[in-house]
Amino acid sequence: MADITRRAGWRHLRSAPTAHIRHQRRGRLVHDGEGLSFWFRPLTAALSEVPVNDRELAMAFHARTADFQDVSVQSTVTYRIGDPAAAATRLDFSIDPDTGAWRGTPLEQIATLLTETAQQHALDVLARTALAAALVDGVAAVRDRIAAGLAAEPRLPDTGIEVVAVRVVAIRPEPEVERALRTPAREQIQQEADRATYERRAVAVERERVIAENELASKIELARQEERLVEQRGTNARREAEENAAADAVRAEAEAARKVRLARAEAEAAREVGEARAGAQSAWLRAHAEADPAVLHALAVTRAAENLPRVEHLTLSPDVLTGLLARLGGGEGGTRP
C-alpha cells in the first residue's frame with residue numbers, strides 16, 4: 001500500500017519498489033512506473049497501484065476420481081503481474097487518494113480466476129484417473145495439466161498476469177478411505193517386522209546353540225585334559241613311589257649293611273674284650289694261686305676295708321686279740337721249716 005501524506009490541500013505519495021503506480025489527471029497519464037514519489041491534488045487525481053512482485057496463491061479443492069472416490073488437492077500457484085497497464089485497465093487497482101488503500105479487491109479477483117482455472121483442469125485429470133493411480137502418479141499429472149491449462153488460458157495474458165510456477169503439494173483421499181488403503185500396507189509392514197523379528201530370534205537361537213556347543217566342546221576338552229592330568233599325576237605319583245621305594249630299599253640295605261658291620265665290629269670288640277678280660281682273669285687267678293695265703297688274706301681284708309664305711313675307733317676284746325694272735329702264730333709256725 002502506498003504511503004500518502006497530507007499538506008494543505010496537497011497529497012504526497014511514496015510507493016514501494018514492488019508497486020507500479022499510474023497517476024492520471026483529467027484523463028491524462030501523468031506518472032507511470034515503480035517506486036514513484038510525487039505530489040498531487042486529490043480532487044483531480046486518479047491513482048492505481050499494481051503490485052509487480054511474485055505472489056504465492058495456495059489452493060485447496062475437492063475432486064472425484066474415476067472410481068468415484070473423493071480426494072482433496074493441495075497446490076500452490078506462483079504468479080506476477082507482468083503488464084501493469086493491462087491489469088489496471090481490466091481490474092480495479094484504484095486507491096484512495098487520502099489513505100492509499102485499494103477501493104476494490106483486485107487480488108481476490110485474480111485468486112478466484114486462477115483457482116477456478118486450476119481446479120477445472122485438475123478435476124478433468126482426476127475424473128479420468130483411478131484413486132490408486134491418482135495417489136501414486138497423480139501429483140505430477142495434475143501439476144502438468146494445471147500448468148498447461150493456465151498457460152493456455154486467454155484471460156490471464158489479457159489481464160497482464162503471468163504464471164511463474166505451479167506446485168501440487170498433495171492429493172489425499174477421505175480419512176476412511178485413506179485408513180482402508182493404509183491397512184494392507186500396514187499389515188505388510190507388520191508382517192515384514194514380524195518376519196524380521198522371527199529371523200532375529202532364529203539367528204539368536206542359532207547363536208545360542210553355537211555358543212552352547214562351543215561351551216560343551218570346551219567342557220569336554222577340559223575334561224579330557226583333566227583326565228590326562230590325573231593320569232599324568234598318577235604316573236608321576238607311581239614313579240615317585242617307585243623311586244622312593246627304591247631309595248628306601250637302598251637306604252635299608254645300606255642301613256642293614258651298616259648295622260651288620262657295626263654288629264660284627266661290636267662282636268669282634270666284645271670277643272677281644274672278653275678274651276682280654278679272660279686273659280686278665282686268668283692272670284689274676286694265676287697270680288692269686290701263686291700268692292701266699294697270708295697275702296691273700298691281707299688283700300681280702302684290704303678289699304673289705306675299702307668297701308666298709310670309715311672306722312674312727314676299733315676296739316678289740318682280749319678274746320679276739322688272743323684268737324687272732326694264736327692264728328697268726330700258728331700260721332707263722334706252719335710256714336717255718
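## Strand hairpin

Strands here are DSSP runs of E, at least two residues long, numbered from the N terminus, and two of them pair if DSSP finds at least two bridges between them. In this predicted model, strand 7 and strand 8 form a hairpin with 5 residues between them. One residue of the turn, Phe-68, has a positive phi of about 60°.

Strand 7 covers residues 55-64 and strand 8 covers residues 70-81; their pairing is antiparallel and runs over 10 bridges. Within this pairing, Leu-57 of strand 7 stands opposite Val-77 in strand 8.

## Three-stranded sheet

Strands 1, 2 and 5 make up an open sheet in the order 1-2-5, paired antiparallel. Strand 1 (3-7) and strand 5 (37-40) are at the edges and have a single partner strand each, so one side of each lacks a neighbour in the sheet. From one strand to the next, the twist averages 20°.

Strand 1 and strand 2 (residues 10-14) run antiparallel and are joined by 5 bridges. Thr-5 stands opposite His-12 in strand 2.

## Helix 2

Helix 2 consists of 21 residues, 106-126. The distance from its first C-alpha to its last is 30 Å, close to the 30 Å expected at 1.5 Å a residue.

Buried residues of helix 2 include Pro-106, Ile-110, Leu-113, Leu-114, Thr-117, His-121 and Val-125. An α-helix has 3.6 residues a turn, so residues three or four places apart point the same way. The buried residues of helix 2 pack against strand 7 and strand 8, and also against helix 3 (131-152), helix 4 (155-159) and strand 9 (161-173).

How values were computed. Residues numbered from 1 in each chain as written. Predicted model: local features only at pLDDT ≥ 70, side-chain atom pairs only at ≥ 80, totals over all residues. Heavy atoms only, no water. Helix = DSSP H or I, 4+ residues; strand = E, 2+ residues; numbered from the N terminus. Axes fitted to C-alpha atoms, helices over the stretch in contact; angles between N-to-C directions. Expected span 1.5 Å × (residues − 1). Buried < 20%, exposed > 50% of the residue type's maximum accessible area, 1.4 Å probe, protein only. Contact = heavy atoms within 4.5 Å.
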